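This briefing sets out selected local features of one protein chain. The topics are a helix, a single alanine, the cysteines and the confidence of the model.

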Amino acid sequence: MLDTTSGTGVQGHVADGWGKVADAFRRNFEGSPGEVGAACCVYVDGRPVVDLWGGVADREANRPWDKDTIALVASTTKGATAICAHLLAQRGELDLDAPVVQYWPEFGAAGKEQLPVRWLLSHQAGLPVVDGPLTFEDACAWHPVIRALEAQKPLWQPGTEHVYHSMTFGFLVGEVVRRITGKSLGAFFADEVAAPLGLSAWIGLPEEQEGRVARIEYAAPFTLEEMTAGMIETTGLDRDTVLAWMNAVWGPDSVQARAGQLGGAFDPAGGYMSTRAFRAAELPFGNMFTDARSLARMYAATVSQVDGVRLLDPATVEKMTAVQTDKTKMNGLPPGLDIPAERSFYMALGFWRACPPMPWTGPRSFGHPGSGGSVGFADPDAGVGFGYVTNLWSFRIGEPRASDLAAAVAACLG
């Protein structure tokens, strides 16, 4: 391994032949929006070949990003949640085609009696919103959200449409795991994934780890025109189609906008992500705190053996990465508007699959990105586990930081 340092404060090491990833990581600090602090790690065939970090973890405290810094990775958490579910399926404890009520009887209210588990994992359950009202305290307490989901009527006939269940995903899948194992999702993840692999990763952050957390900063906001241009560039769709899609699915009163508030529990302007209450809660949709090394190691262990540990066998990976959203229409699209799944929401059973807007390192790559820029993924063909975390949150469509790093990994693979 070769030590590497630079004027941007990048530290760590890369194996021979992996310098392009270090170059891309350094450029992220110099480009737009420009990193504040970040880390990137890559495993290949169970061994680390890239482990880099740099920048500032907390500007106010003048604290540098060091080897042990952890960050909030938002919806990148969903990949860890899905891995927990597929561990149970692999063990024969969870049948993805069984109705949810087999494990969670109270779920069957309001016409949900026949809804299978796989539709929870593939965002086809028709439950992206909770009518509410719910409070932040309700969300952190878990059970009030579960009671609300039990009573909630699906917005569409389950299995006929899809839309991103941005927050309810974690509660729905997490409750199934809890009913089977008797453990909360955070506890199951800690025992069955993090502990065997020695990960610095928590869904429900222990208070003693608070000092390691990077402080979130936000990139400059971008205009609607910039967002439109980014959508056109990343999806390859024409302007009229993109505008119609954005207005229908992402407008202020849309299902997708409501999904991000969970019946009023989460105020986007409330600053809740920096509170101890949010960090301590177990919210499997999006409050994992981790480092890039742990993300890469976790995903590597789904496609290879890592220090004697392999989480999932090839048959499980094959089943869980079969794309589901190419068979149903995105909810909210006006009549006549068709958005191909591989250009918009190419979702398997809890994981995004590689697609033109998010090519990663190969067509069978799978993983999950997070709001703000983080991502973890695996490539079963190349034996890759990849992790990237940052504390500069940028919501720009076509965000280049993670995609440039993934492209560098692909170039090194040859």
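Which residue just after helix 7 takes a positive phi? Gly198 does, with a phi of about 65°. The model discussed here is predicted, and its chain averages a pLDDT of 94.

**Helix 7**

- Helix 7 covers residues 185-197, a run of 13 residues.
- At 1.5 Å a residue, helix 7 should span 18 Å, and because its end C-alpha atoms lie 17 Å apart, the expected and modelled values agree.
- A kink of about 35° is present in helix 7, with its centre at Asp191.
- The buried residues of the helix are Leu185, Gly186, Phe188, Phe189, Val193, Ala194 and Leu197.
- In an α-helix there are 3.6 residues a turn, so residues three or four places apart point the same way.
- Among the elements that cover the buried residues of helix 7 are three helices, namely helix 2 (77-90), helix 6 (168-181) and helix 12 (292-303).
- The cover also includes strand 8 (201-203) and strand 10 (288-290).

**Ala406**

- Ala406 belongs to helix 14, which comprises residues 400-413.
- Ala406 counts as buried because its relative accessibility is 2%, below the 20% cut-off.
- Leaving aside neighbours within four places in sequence, Ala406 is in contact with Trp360, Thr361, Phe377 and Phe386.
- Ala406 and Val21 are separated by 385 residues in sequence, while their C-alpha atoms are 8.1 Å apart in space.

**Cysteines**

- A search of the whole structure finds zero disulfides.
- Cys40 is accordingly in no disulfide, and the nearest cysteine sulfur, belonging to Cys41, is 7.2 Å away.
- With a relative accessibility of 0%, Cys40 counts as buried.
- For Cys140, the closest cysteine sulfur is that of Cys84, at 19 Å, which is too far for a bond.
- Cys140 is partly exposed, because its relative accessible area is 24%, a value between the cut-offs of 20% and 50%.

**Confidence**

- Of the residues in the chain, 98% score at least 70 in pLDDT.
- Confidence is lowest in strand 1 (residues 2-3), where the mean is 48.
- Confidence is highest in strand 8, at 99; strand 8 is also one of the elements covering the buried residues of helix 7.

Key:
Residues are numbered from 1 along each chain as its sequence is written. This is a predicted model: local features need pLDDT of at least 70, side-chain atom pairs count only at pLDDT 80 or more; totals for chains, interfaces and linings use all residues. Side-chain values use heavy atoms; hydrogens and water are left out. Helices (H or I, at least four residues) and strands (E, at least two) are DSSP runs, numbered from the N terminus. The expected span of a helix is 1.5 Å times one less than its number of residues. The bend at a residue is the angle between axes fitted to the seven residues ending there and the seven starting there. Buried means under 20% relative accessible area, exposed over 50%, partly exposed in between (1.4 Å probe, protein chains only). Contact means heavy atoms within 4.5 Å. A disulfide is a pair of cysteine sulfur atoms within 2.5 Å. pLDDT is the predictor's confidence in each residue, from 0 to 100.
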